[in-house]
Amino acid sequence: MMRQTFLSAILILAVAASAGPVEAAESGVGLYNLGNRHYSVERYDEAVEAYLGALETGIENAALLYNLGNATLKMGRLGEAILYYERGIELDPKDEDLRFNLEFAKSLVKGTLKMPKKGALWRFFKWLYSLMGLNSVVLLLSALLFLFCACILIRIYTSTLRLRTPLVTIQSICVALFILCGILLYAKVHYEVLVECGVLLAERVEARSGPGATHTPIFPLHEGMTFEIHGRRTGWMQIRLPNGLTGWIRTETMEVI
Amino acid sequence: MNSKFVTATAVIIWAFAAALPQALPAEDLSAVARVDATRITIDDQLNLTISLSGDRANKASDPDLSMIEGFQVAGSSQSSNISIVNGQMNVIKEFTYTLLPKKVGIHRIGPIAFTIRRERHETNAVVVEVLESSIPSAAALAPSSSGKGAESGQRGDSAAQTAQPRIFLRAEADRTSAFVGEQVTIDYILYTNRSDISNLNRSEMPSFDGFWAEEIYSAKRLQFTDRVIDGQPYRAALLQRIALFPILSGEAVVDSMVLTCQVPVRGRRSRRSLFGDMDSFFSRGKEIVLRSRPMIIRVDALPEAGRPEGFTGSVGEYTIDASIDADEMRVGDPLTLILRIAGTGNPETIREPEIRLPDAFEKYDPKVTESSNAVSGPVRGEKRFEYILIPREEGDKTIPAVELSYFNPATQAYASVSTKAFLVRVTPGRAGEGSPEPMITRENIHLIGKDIRYIKPDRQRLPAQGRPLYSWWPFWIIQALPIVLIVGAALHKRHRERLATDVGYARLRRAGKAAIRGLQAAGKAFQAGRTAKFHADVSKTLTGYLADRVNVSAAGMTREGINAAFEALGARDEDRSAFVEILRECDFARFAPSGTDADGMRDLLGRARNLIRSLERGR
């Protein structure tokens with residue numbers, strides 16, 4: 001009798017506990033769908049509100065961020081749109097729609113950057129980088145490791161010379177790919193996890209040489225431009241543009257991706 | 001004076017004052033409810049007047065009409081009349097309500113309650129009989145009439161007995177059943193036998209859900225003609241004529257039209273007011289609500305049988321003709337083709353007809369103009385499609401006949417009409433152009449406009465994405481797995497190799513098991529009663545075990561060998577002495593058999609087992 005009540009109590013608690021986050025998720029999905037309704041009749045401001053509400057319930061999903069990006073873009077808020085698109089790509093790097101829209105949004109950014117020419121190797125690497133997400137790289141590394149270990153296992157158990165050469169070849173290929181993926185992983189971890197990026201939300205600001213309004217402005221930035229964050233002081237951020245220019249901007253004019 | 005006395009007096013005076021109003025004789029307050037007719041039909045309206053008179057009538061609250069059943073309150077008004085006669089003030093307050101009957105039957109109105117200074121008073125009750133409608137239904141007057149005329153004739157008599165003059169609104173249709181898309185003409189007619197109507201206002205237009213609607217006629221002024229209904233003369237004015245084309249098959253309902261109008265009211269009692277007898281100028285107008293009955297039209301679907309292939313839904317009767325503006329032109333010069341479709345029916349249902357042009361012509365989307373008119377009855381419409389064609393090849397080309405299929409509700413059959421075909425001669429393009437250079441280039445399919453891609457569709461769930469794999473702890477366990485396997489495999493292989501090659505290692509690993517097996521054999525010998533074998537087995541097992549442990553040959557085990565072995569093993573002294581003792585007993589039993597009893601042997605076996613266990617444990 002006691003055991004039964006105890007078990008049923010556990011069951012009820014478990015159901016209640018699982019119901020909590022499900023409830024939030026349900027209303028979040030409801031807000032997402034509501035936002036879609038508003039978007040479909042071109043009520044973009046209300047769509048944005050609904051999507052933001054869904055975000056607040058804790059949903060981390062690329063579709064939500066994509067739709068939010070679309071809605072803010074339709075309202076003309078370019079910086080925010082790029083922010084949400086970038087966040088969406090972080091969650092789902094393979095999504096074509098996200099990439100397309102991000103490209104489109106970036107093409108609307110005023111102001112051009114003189115980018116230094118990069119070599120073919122760099123471009124190849126860049127292509128490889130964008131090919132896979134962080135998790136995919138990790139999985140690939142893991143698969144290579146397994147393959148390598150499988151070869152070792154086989155070599156332990158069979159000493160026939162016939163199998164030796166192909167096994168060694170496979171192992172060498174594994175090692176080579178492993179190194180390549182390792183580099184990729186390092187790059188990804190560095191850029192996605194360690195280095196923070198930001199996007200400018202204000203229409204136009206001038207980056208200064210130091211964290212203060214008394215410092216000289218050195219270059220302008222337009223809404224929607226993305227940059228790396230290298231330093232912080234109260235109220236100011238040190239940023240670095242892709243073409244190498246560094247400067248300081250006010251924290252409230254930008255948002256971390 | 002005593003303070004108690006003062007208090008008591010005050011209380012008595014106060015109580016008296018409070019009770020005073022009740023104690024006073026009640027002044028005359030009369031509350032009368034009356035109606036202007038006690039027998040009406042369901043189409044009529046009833047005027048209920050509540051008259052309160054008395055000193056305090058002015059302070060009366062609005063009467064509570066919520067308990068009145070069977071009637072809907074449509075309008076209300078109130079008036080107060082204060083007169084001073086011979087120094088006495090007399091107040092008369094009247095509340096007038098317009099009631100619309102909801103149900104046929106005998107209804108009791110009241111008593112109606114109201115309050116004066118929180119006192120509740122009631123009027124009398126009145127009884128009103130509501131009869132069936134006396135308006136003949138539309139079916140009775142339509143060509144295909146049923147026998148309802150006679151019935152309503154009887155009712156008509158009772159209707160004529162009602163006190164007030166008649167006025168009503170009726171919707172008349174020229175048919176009660178139609179095909180989808182067939183025109184049904186509805187007339188809204190006002191019937192009356194009084195001549196003093198004013199302020200006609202349309203308060204509610206019917207919505208015509210389920211129909212295409214086109215207004216044919218809307219009256220600016222009321223023009224009356226004489227009509228007789230049920231032997232009663234009436235004057236009828238057409239207010240509006242609408243052409244309705246049903247959209248779906250089934251039962252379609254044409255909603256009511258609601259009108260209000262004003263009729264003057266002649267006062268019932270000639271009241272001597274301060275202003276004398278006012279009649280025509282200041283007589284109040286009464287607002288009447290008129291509602292036409294909803295009509296049900298049965299809509300039949302278009303028949304399937306005989307439906308031609310190119311039928312696109314046109315209902316009515318149509319003609320089609322085509323014209324072109326030239327019959328000879330050069331390659332690349334535009335040619336205008338005009339299709340005119342005209343006839344009776346809803347022009348909305350005329351779709352662009354299919355034109356199968358030869359490939360030699362390029363056709364662009366047509367310019368469509370539509371016109372329709374309906375002077376009196378059937379809606380006539382015309383639709384023009386103007387096409388620009390560009391010939392791309394030279395030669396004699398034919399612009400084929402264009403066919404239009406429609407359903408004629410009059411004949412209840414489908415019909416087709418078509419234009420004639422045109423023969424056109426296309427001469428080669430301008431000199432120097434060679435293969436025809438299109439004057440209007442085709443559009444290369446490239447982006448003419450850029451926009452972002454559309455939002456993602458609705459979802460049931462939005463799962464969390466983007467969680468990095470390395471933050472998931474089972475992932476690391478899985479990663480460690482192959483390494484563990486490899487280490488295990490390597491060790492396993494080493495073990496097997498050693499077993500195969502290293503004898504001493506092999507013997508060492510197997511010593512314990514071999515000893516247990518040997519002692520088991522000894523046990524069996526003991527149970528079989530083979531004393532000699534028993535002792536031999538025990539002895540052999542022990543020496544064999546020791547030899548295995550130190551990897552020497554068991555056969556040549558001497559005392560020195562035993563000692564050396566025990567030294568090498570680092571075993572305890574008592575083990576060694578036990579070992580030696582057991583061996584001696586075995587040798588004794590084997591070579592100098594005397595009465596060795598079962599208990600002794602059992603004890604020996606036990607000791608041997610313990611010794612092996614002890615030595616194994618000490619490894």
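This tour goes through two helices of chain B and then two nonpolar cores, in a model that is predicted.

Begin by selecting helix H5 of chain B, residues 503-528, and look along its length for a kink of about 50°, which is centred on B:Ala511. B:Ala511 itself belongs to the buried residues of H5(B), among them also B:Gly504, B:Tyr505, B:Gly512, B:Leu519 and B:Phe526. To see what covers these buried residues, add helix H4 (473-501), helix H6 (531-550) and helix H9 (598-617) of chain B, which are included in that cover. Just past H5(B), select B:Gly529, which follows the helix and has a positive phi, near 80°.

Next, move to helix H8 of chain B, residues 573-591, whose end C-alpha atoms are 27 Å apart, in agreement with the 27 Å that its 19 residues should span at 1.5 Å a residue. Colour B:Asp575, B:Phe579, B:Ile582, B:Leu583, B:Cys586 and B:Ala589, which are buried; viewed down the axis of H8(B), the buried residues lie within an arc of 130°, so they line one face of the helix. These buried residues pack against H6, helix H7 (559-569) and H9 of chain B, whereas the face turned away from the buried side carries the exposed residues B:Asp573, B:Phe588 and B:Phe591.

Now turn to chain A and select A:Tyr39, A:Tyr51, A:Leu73, A:Tyr85, A:Leu221 and A:Ile249, which touch the most other members of the largest nonpolar core, a set of 48 residues. Centre the view on A:Leu221, whose contacts, apart from neighbours within four places in sequence, include A:Leu200, A:Val205, A:Ile239 and A:Ile249. Finish at a second, separate core of 33 residues, where B:Ala178, B:Phe208, B:Ile242 and B:Met295 are among the members.

Definitions and conventions
Residues numbered from 1 in each chain as written. Chains lettered and ligands numbered in written order. Predicted model: local features only at pLDDT ≥ 70, side-chain atom pairs only at ≥ 80, totals over all residues. Heavy atoms only, no water. Bend = angle between axes of the 7 residues up to and from the residue. Helix = DSSP H or I, 4+ residues; strand = E, 2+ residues; numbered from the N terminus. Buried < 20%, exposed > 50% of the residue type's maximum accessible area, 1.4 Å probe, protein only. Contact = heavy atoms within 4.5 Å. Expected span 1.5 Å × (residues − 1). Arc of directions from axis to C-beta. Core = buried A, V, L, I, M, F, W, Y, C linked by side-chain atoms within 4.5 Å.
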